[in-house]
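Me: I'm new to this one, so let me ask you how we know what we say about it. Here is what I'm looking at.

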Amino acid sequence: MLAHEMAFASSYITAFAVEATEFPDLARRYRVSAVPKTIVNDDIEVLGALPEPAFVDQALGAPPETPHPDE
Amino acid sequence: MSLISTDDQARLREEFAKMTRPVGLVFFTQTLGCETCHLTHQVLNELPPLSDRISIEEVNFVLDGEKAAQYGVDRVPAIALTYVEGDEVKDSRMRFLGTPAGYEFISLIRAVLLAGGARPPDLSEAARSRVAAVDKPTTMQVFTTPT
């Protein structure tokens with residue numbers, strides 16, 4: 001699981017794999033109607049199983065801007 | 001009777017043999033009011049016989065609130081993976097809520113292999129640098145179903 005890979009790589013990240021059907025209260029709270037659905041810090045939602053770059057961007061926010069090589 | 005077929009046991013034994021450090025499955029459970037704790041226990045109990053580097057530490061969720069808080073666990077069944085590096089027990093920060101069956105069983109095995117050093121991290125260079133830039137506590141909850 002990508003979130004687990006991220007957690008293992010960073011001491012700031014903790015990742016839970018949550019079995020949605022066993023915790024209907026959590027599934028309701030985060031409006032889980034399809035899986036996988038990832039919730040980051042209670043406020044970011046990532047829907048579906050995305051390719052790694054898209055998942056990382058959505059989960060962590062867009063990457064910091066890098067100056068254009070011509071500038 | 002085992003929940004894992006003989007063939008799968010042999011395959012797992014082979015994968016676990018590549019582990020370079022011990023992994024602990026910190027299993028949070030309670031006796032009453034937890035429908036799936038028993039099944040989770042049964043699943044976890046399948047693993048230590050397949051590798052002497054895998055152990056289970058059972059934690060009573062009701063009696064040991066301190067440990068639950070330490071791992072950010074607020075419901076059961078829950079599993080936190082630790083590993084030993086040098087003489088130190090380290091938190092892998094990989095967790096599971098609910099029974100690790102089906103898809104989540106595969107995730108559990110992969111997490112054990114990662115924490116145990118049996119496989120390299122599966123992150124691209126780009127992702128690794130994004131993750132390395134994270135500088136505040138971040139909790140990810142990935143909702144899945146067994147199938």
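Me: How do you know how confident the predictor is in chain B, and what share of the residues score at least 70?

Reply: This is a predicted model, and pLDDT is the predictor's own confidence in each residue, from 0 to 100. Chain B averages a pLDDT of 96, and 99% of the residues score at least 70. For the model there are also an ipTM of 0.96 and a pTM of 0.94.

Me: What makes up chain A in terms of helices and strands?

Reply: You'll find 3 helices and 3 strands there. Starting from the N terminus, the elements of chain A go α-β-α-β-β-α. Of the 71 residues in chain A, 42% are buried.

Me: Why is His4(A) called buried?

Reply: Count the C-beta atoms around His4(A): 29 others lie within 10 Å. The cut-off for buried is 20 or more, so His4(A) is buried. This residue belongs to helix 1 of chain A.

Me: What makes helix 1 of chain A "mostly covered"?

Reply: Helix 1 spans residues 2–9 of chain A, and 7 of its 8 residues are buried. Besides His4(A), the buried ones include Leu2(A), Met6(A) and Phe8(A). As for where it sits, helix 1 of chain A lies across strand 1 and strand 2 of chain A together with strand 4 and strand 5 of chain B. Its direction is at about 155° to strand 1 of chain A.

Me: Which residues is His4(A) in contact with, leaving aside its neighbours within four places in sequence?

Reply: Ala15(A) from chain A, plus Met94(B), Ser107(B) and Ala111(B) from chain B. To count as a contact, two C-beta atoms must lie within 7 Å. Glu22(A) makes a good check on distances along the chain: it is 18 residues apart from His4(A), and their C-alpha atoms are separated by 20 Å.

Me: How do you know that strand 1 of chain A and strand 5 of chain B pair, and how do they run?

Reply: The cut-off for pairing is at least two bridges. Strand 1 of chain A (residues 13–19) and strand 5 of chain B are joined by 7 bridges, and they run parallel. One spot to look at is Ala15(A), which stands opposite Met140(B).

Me: Which strands of chain B run antiparallel?

Reply: Take strand 1 of chain B (residues 23–29) and strand 3 of chain B (residues 78–85): 6 bridges join them, and they run antiparallel. Within that pair, Val23(B) has Tyr83(B) as its bridge partner.

Me: What is the order of the strands in the open sheet?

Reply: There are 8 strands, in the order 3(A)-2(A)-5(B)-1(A)-4(B)-3(B)-1(B)-2(B), with mixed pairing. The twist from one strand to the next averages 25°.

Me: Why do strand 3 of chain A and strand 2 of chain B stand at the edges?

Reply: Each has a single partner strand, so one side of each is left without a neighbour in the sheet.

Me: How many residues of chain B are in contact with chain A?

Reply: 38 residues of chain B, which meet 37 residues of chain A. On the chain B side, strand 5 gives the largest share, with 7 residues. Sorted by class, that side has 17 nonpolar, 12 polar and 9 charged residues.

Me: Why is helix 3 of chain A called roughly parallel to helix 5 of chain B?

Reply: The two helices pack at an angle of about 10°, with their axes 10 Å apart. Angles under 35 degrees count as roughly parallel, so the name fits this pair. Residues making the contact include Val56(A) and Leu60(A) on one helix, and Ala127(B) and Arg130(B) on the other. By class, the contact has 5 nonpolar, no polar and 2 charged residues.

Me: Why is Pro146(B) partly exposed rather than buried or exposed?

Reply: Pro146(B) has 15 other C-beta atoms within 10 Å. Buried needs 20 or more and exposed needs 12 or fewer, so Pro146(B) counts as partly exposed. You'll find Pro146(B) in the segment after strand 5 of chain B.

Me: What does Pro146(B) touch, not counting residues up to four places away in sequence?

Reply: Glu19(A) in chain A, and Ala101(B), Gly102(B), Tyr103(B) and Glu104(B) in chain B. By contrast, Val84(B) is 62 residues apart from Pro146(B) in sequence and 29 Å apart in space, C-alpha to C-alpha.

Methods:
Residues numbered from 1 in each chain as written. Chains lettered and ligands numbered in written order. Predicted model: local features only at pLDDT ≥ 70, side-chain atom pairs only at ≥ 80, totals over all residues. Helix = DSSP H or I, 4+ residues; strand = E, 2+ residues; numbered from the N terminus. Nonpolar A, V, L, I, M, F, W, Y, C, P; charged D, E, K, R; others polar. Axes fitted to C-alpha atoms, helices over the stretch in contact; angles between N-to-C directions. Parallel < 35°, antiparallel > 145°, perpendicular 65-115°, else oblique.
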